[in-house]
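Student: I would like to learn how the words used for a protein structure are justified. Could we go through one example together, asking each time what earns a word its place?

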Amino acid sequence: MDVQGVRRNDFGRNLKRMNSGRMKAGQDLVVAGYAGLAGTCILAKARRQELECRFTADYLDELVRYNKPECRNAFSVAESEPAGEGGILKAIWDLSGDYRLGVEFSLRRIPIRQGTIEICELWGLNPYRLYSDGCWLLATDNGGRLVESLKKQGIVAAVIGIVTPGIARVIVDGGEQSFLNRPQPDELDQWVPDWQKRIAQK
């Protein structure tokens, strides 16, 4: 069955998603780039005064020096999905839903900066539902090889799980299993209501 949307059969290359069946059960799921880092940068700039009560100026300066990773080469992957608004969890939900396939993954394996964790803990935010421009979810036959190729270009990446038969979206951490909930509004909405306007004005 064709599923409308945006399909990317090479890292960074945009095509109309027609569900050609290239993503299949048994493939690895890879996250390239840091989840929530772009959102962390926005928070650090917009709520600077409050954050300076908890963090040093140098620490915050480092956070706002976010540079979106640039991929110099196309990589052969079965499918990919950008983790933008709604974070990496929305990307996982969307991609698996488009293919009507399940996923099994670990949150602990998703690349994330310590600064993102600390700021999210301060305000009770979910870093995996935080704006993640520059972060990608990739499905591939050999996740380890893809991770090594990306790292050679200076792009952090990790295998976080696998594509599974069926439609269950399962989170596995510490021997416990839970199911991924439907996408929620981006966490930035709570603390920077005009964040989309700020991005548009860049």
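Tutor: What follows is a set of questions and answers about this structure, which is a predicted model.

Student: What does the secondary structure of the protein chain come to, and how much of the chain is buried?

Tutor: The protein chain has eight helices and nine strands, and buried residues make up 50% of its 202 residues.

Student: Why is Pro127 called buried or exposed?

Tutor: Pro127 has a relative accessible area of 14%, and the word buried is used for values under 20%, so Pro127 is called buried. Its place is in the loop between H5 and S6, where Pro127 touches Ala35, Gly36, Ile112, Thr116 and Cys120, not counting residues up to four places away in sequence. Of these, Ile112 is 15 residues from Pro127 in sequence, and the C-alpha atoms of the two are 8.3 Å apart in space.

Student: What makes S4 and S9 the edges of the open sheet?

Tutor: The sheet has seven strands in the order S4-S6-S3-S7-S5-S8-S9, with mixed pairing. Strand S4 (79-82) and strand S9 (176-179) each have a single partner strand, so one side of each is left without a neighbour in the sheet, and that puts them at the edges. From one strand to the next, the twist averages 25°.

Student: How do you know that S3 and S7 pair, and in which sense do they run?

Tutor: Two strands count as a pair if there are at least two bridges between them. Strand S3 (residues 28-32) and strand S7 (residues 157-164) have five bridges in the antiparallel sense, so they meet that condition. In one of these bridges, Asp28 has Ile162 of S7 as its partner.

Student: Which helices pack on this sheet, and at what angles?

Tutor: Helix H4 (residues 87-99) packs on the sheet and touches S3, S4, strand S5 (102-105), strand S6 (136-140), S7 and strand S8 (169-173), with a direction that makes about 140° with that of S4. Helix H6 (residues 143-152) lies across S3, S6 and S7 and runs at about 155° to S7. Angles over 145 degrees count as roughly antiparallel, so H6 can be called roughly antiparallel to S7.

Student: What makes S8 mixed in its pairing, if I look at its partners S5 and S9?

Tutor: S5 and S8 run parallel and are joined by three bridges, with Val103 standing opposite Arg169 in S8. S8 and S9, in contrast, pair in the antiparallel sense over four bridges, and there Asp173 stands opposite Glu176 in S9. S8 and S9 form a hairpin with two residues between them, and Gly174 in the turn has a positive phi of about 60°. S8 is also mostly covered, with four of its five residues buried.

Student: Why is H1 called oblique to H5?

Tutor: H1 and H5 pack at an angle of about 60°, with their axes 10 Å apart. An angle under 35 degrees would count as roughly parallel, and 65 to 115 as roughly perpendicular; about 60° falls in neither range, so H1 is oblique to H5. Their crossing is left-handed, and the contact is made by Leu37, Thr40 and Leu43 of H1 with Gly115, Thr116, Ile119 and Trp123 of H5.

Student: What makes H1 a mostly covered helix?

Tutor: Eight of the ten residues of helix H1 (residues 37-46) are buried, among them Leu37, Cys41 and Ala44. The buried residues of H1 pack against helix H2 (48-51), helix H3 (57-64), helix H5 (114-123), helix H7 (188-191) and helix H8 (195-200).

Student: How do you know that the buried residues of H5 line one face of the helix?

Tutor: The buried residues of H5 are Gly115, Thr116, Ile119, Cys120 and Trp123. Seen down the axis of H5, they fall within an arc of 125°, so they line one face of the helix. These residues pack against H1, H2, H3 and H7.

Student: Where do the buried residues of H3 lie around its axis?

Tutor: The buried residues of H3 are Leu60, Leu63 and Val64. They cover an arc of only 90° around the axis, which puts them on the same side of H3, and they pack against H1, H2 and H5.

Note on methods. Residues are numbered from 1 along each chain as its sequence is written. This is a predicted model: local features need pLDDT of at least 70, side-chain atom pairs count only at pLDDT 80 or more; totals for chains, interfaces and linings use all residues. Side-chain values use heavy atoms; hydrogens and water are left out. Axes are lines fitted to C-alpha atoms, for helices over the stretch in contact, and angles run from 0 to 180 degrees between N-to-C directions. Contact means heavy atoms within 4.5 Å. Buried means under 20% relative accessible area, exposed over 50%, partly exposed in between (1.4 Å probe, protein chains only). The arc is that of the directions from the helix axis to the C-beta atoms. A crossing is left-handed if the near helix is turned anticlockwise from the far one by less than a right angle, and right-handed if clockwise.
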